[in-house]
Amino acid sequence: MADFQFSLDQLFRQPVIKITNDLLPMGTVLGRNQHCKVIAQVSEILNVMGVLSAHAQDLRSPVTTAGRVREAPNQYVYLLANVRRGRRGQVCGMLKVGLKQLFLFDVNGAMRNVSQAPSILDFYVHESCQRTGQGKRLFEYMLADMGWSAVQCAIDRPSGKMAGFMNKHYQLERSVPQSNHFVIYQGFFEANHILV
Ligand code: ACO
């Protein structure tokens, strides 16, 4: 797990929190003088988890940084923590999603402009707790919160582990070939109410 030198009690009132571009946990009521401290803590978590995710995926630079989240009003980051009241906390997962305009081939090979495609942009569970169901827990939380289904999602450069994850938990394996780095599965257009 990723350790931080501060207590996560104030940030994580529940195991999963959602961060928006104000870099604050959504739905958490904070006193005015707490904002700066919480934003600094959230920024540190996003920057650390972004670097760990990039390493895990062999990417040259992180997809997720506090600066990038701040600049993207259509993107959300879900963080999963192991909170132990009164002690330093550990963050074990991060999932960044958003609505993106994507040009995608449909099953007939026709190019479609999908203006608000539900997209999985960065997903990482710490090595110490991979394959223990934490990824599924985080992903399911996000789906329920966003009101999405798994087949509705376009995935940005899925790794082998991600492909295995989608197959195991959502029986999604057959993709629709694309010319960009996004992967969509058969059923994507129907699930997004796009006639093909
Ligand atoms: N090798 C192969 N498949 C794996 C592995 C692995 N090392 N780890 C997870 N999986 C897949 C398998 O299908 C596995 O099922 P199995 O153990 O029965 O084979 C399933 O995921 C496990 O499900 P969870 O425990 O719920 O998932 P986990 O907590 O491991 O999180 C995740 C999945 C996020 C992909 C995690 O493995 C991870 O962080 N990997 C490294 C970074 C990465 O590849 N991120 C996704 C990149 S794509 C993107 O970000 C848009």
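Is Asp145 buried, exposed or partly exposed? In this predicted model, Asp145 is partly exposed, at a relative accessible area of 37%. That value falls between the limits of 20% for buried and 50% for exposed.

Asp145 takes part in a salt bridge. Its side chain meets that of Lys18, with an N to O distance of 2.8 Å. Lys18 belongs to strand S2 (residues 16–19) and Asp145 to helix H3, so the contact ties together parts that lie 127 residues apart in sequence. Lys18 counts as buried, because its relative accessibility is 14%, under the 20% limit. The pair thus joins a buried lysine to a partly exposed aspartate. Side chains of opposite charge can pair when their charged atoms come close.

Across the whole structure, the search returns two salt bridges. Besides the Lys18 and Asp145 contact, Arg112 pairs with Asp106. Here the closest N and O atoms are 3.2 Å apart. Arg112 is partly exposed, with a relative accessible area of 23%. Asp106 is buried, at 4%.

Helix H3 spans residues 134–146. Gly135 also lies in this helix. The glycine is buried, with a relative accessible area of 11%. Its C-alpha atom is separated by 7.7 Å from that of Tyr124. Along the chain, Gly135 and Tyr124 are eleven residues apart.

The loop between strand S5 (111–125) and helix H3 holds Arg131. This arginine counts as exposed, because its relative accessibility is 88%, over the 50% limit. Arg131 is also a member of a positive surface patch. The other members of the patch are Lys136, Lys161 and Lys168.

Strand pairing was examined next. Strand S8 (residues 182–185) pairs with strand S6 (residues 154–156) through two bridges. S6 and S8 run antiparallel. One residue of S6 with an assigned partner is Asp156, which is bridged to Phe182 in S8. Strand S7 (residues 175–176) is likewise joined to S8 by two bridges, again in antiparallel orientation. Val176 has Ile184 of S8 as its bridge partner. S7 and S8 make up a hairpin, with five residues between the two strands. S8 therefore has pairing contacts with both S6 and S7, as at least two bridges are required for a pair. In a regular strand the side chains alternate between the two faces of the sheet.

Backbone angles were then considered. Most residues other than glycine have a negative phi. Leu23 has a positive phi, near 60°. This leucine is found in the loop between S2 and helix H1 (35–56). Leu23 counts as buried, because its relative accessibility is 2%. Arg157 also has a positive phi, near 45°. Its position is in the loop between S6 and helix H4 (160–170). Neither Leu23 nor Arg157 is a glycine.

How values were computed
Residues are numbered from 1 along each chain as its sequence is written. This is a predicted model: local features need pLDDT of at least 70, side-chain atom pairs count only at pLDDT 80 or more; totals for chains, interfaces and linings use all residues. Side-chain values use heavy atoms; hydrogens and water are left out. Helices (H or I, at least four residues) and strands (E, at least two) are DSSP runs, numbered from the N terminus. Patches are made of residues with over 30% relative accessible area and no salt bridge: like charges are joined within 9 Å, nonpolar side chains (Val, Leu, Ile, Met, Phe, Trp, Tyr) within 5 Å. Accessible areas come from the Shrake-Rupley method with a 1.4 Å probe; for residues, only the protein chains shown count as cover. A salt bridge is a side-chain nitrogen of Lys or Arg within 4 Å of a carboxyl oxygen of Asp or Glu. Lys and Arg count as positive and Asp and Glu as negative; His and the chain ends are not counted. The place of a charge is taken as NZ of Lys, CZ of Arg, CG of Asp or CD of Glu. Buried means under 20% relative accessible area, exposed over 50%, partly exposed in between (1.4 Å probe, protein chains only).
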